[in-house]
Amino acid sequence: MLFDFAAIGPDLAYKLLVSTIVPRPIAWVTTVDAEGRVNAAPYSFFNAVSSDPPVVAIGIGSKGKGLKDTGENIRQTGQFVVNLVSEELAEAMNITAIDVEPGVDELAMAGLTPLASTKVTPPRIAESPVALECERLAVVEVGNGKAVVLGRVLAAHVRDDCVLDAAKAYIDTPKLGLIGRMHGRGWYARTTDRIEIPRLTVADWQARRTAAE
């Protein structure tokens, strides 16, 4: 079935994207505004896009005539923290997605604990198993009041019991218990159902092909 995005309109385009590009990691972003007030909100148009330099990308939607509070705060201050979401924090994350007025403390609403960051002003969420301190690298305007924020990762905090070997940066990823965004308004996926598919070399592939002949 062909869907021509030039013909179907933004509502159907959104449904197609969120129903097929799954699961999506969740960026639980904390920022501060020009007055120092903390904002927290989740975004699932998110991923890491480079390791050298370390860069993450977050798609941020519009609110009124401008970006949502998160986007406006990043424009003003150039700093943010990406907190990752474990299953045990899903309900708290969902509370911070409520569309409240600017200046409302979403962390307090959700019973979460702000913790001072080391390199940026916005706090990280103490309960989150991973927090990435970031500075704005670029804001790419994509139209209709929406933008993609590129952030350079300055520091990462990983819960101690999930670090296997700090010197080698070995992380017990399953123990993080992270969740991803799925289709529709309220569907999420656990990361507990995994499969391992080892990477192949050219020699491996040729050997397999030869064995199958």
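**Group meeting talk: strands, cores and ring contacts**

Let me begin at the end of helix α3, where the next residue is G78, whose phi is positive, near 75°; helices here are DSSP runs of H or I with at least four residues, strands are runs of E with at least two, and both are numbered from the N terminus. Please keep in mind that this is a predicted model, in which local features need pLDDT of at least 70 and side-chain atom pairs count only at pLDDT 80 or more, while totals for chains, interfaces and linings use all residues. Residues are numbered from 1 along each chain as its sequence is written, and side-chain values use heavy atoms, with hydrogens and water left out.

Helix α3 itself covers residues 69–77, and D69, T70, G71, N73 and I74 in it are buried, where buried means under 20% relative accessible area, exposed means over 50%, and partly exposed lies in between, using a 1.4 Å probe and protein chains only.

Now to the interior. The largest nonpolar core has 22 residues, and I58, F80 and V82 are those with the most contacts inside it; such a core is a set of buried Ala, Val, Leu, Ile, Met, Phe, Trp, Tyr and Cys residues joined through side-chain atoms within 4.5 Å. At least two residues of this core come from each of β2 (27–32), β3 (38–43), β5 (54–60), β8 (79–83), β11 (130–143) and β12 (146–158). Apart from this core lies another one, of 12 residues, including A92, A110, L112 and I125.

Which strand should we follow further? I have chosen β2, because six of its six residues are buried, so it is largely enclosed by the rest of the structure. In a regular strand the side chains alternate between the two faces of the sheet. In β2 both faces are covered, with A27, V29 and T31 buried on one side and W28, T30 and V32 buried on the other.

Strands pair if DSSP finds at least two bridges between them. Six bridges join β2 to β3, and these two strands run antiparallel, with T30 opposite A40 in β3. The two strands form a hairpin with five residues between them, and G36 in the turn has a positive phi of about 85°. Three bridges join β2 to β8, again antiparallel, and here T30 stands opposite V81.

V81, then, deserves a closer look. At 0% relative accessibility, V81 counts as buried. Setting aside neighbours within four places in sequence, V81 is in contact (heavy atoms within 4.5 Å) with residues that include W28, V29, T30, P122 and L132. From V81 to V153 there are 72 residues in sequence, and the C-alpha atoms are 8.9 Å apart in space.

Finally, the rings. The structure holds one aromatic pair, and Y14 and F45 form it, tilted, with 6.5 Å centre to centre and 40° between the planes. Rings of Phe, Tyr and Trp (its six-membered ring) pair if their centres lie within 6.5 Å, and planes under 30 degrees apart count as stacked, over 60 as edge-to-face and the rest as tilted. Y14 lies in helix α2 (residues 10–20) and F45 in the loop between β3 and β4 (46–51), so the pair ties together parts that are 31 residues apart in sequence. Y14 is partly exposed at 47% relative accessible area, and F45 is partly exposed at 38%.
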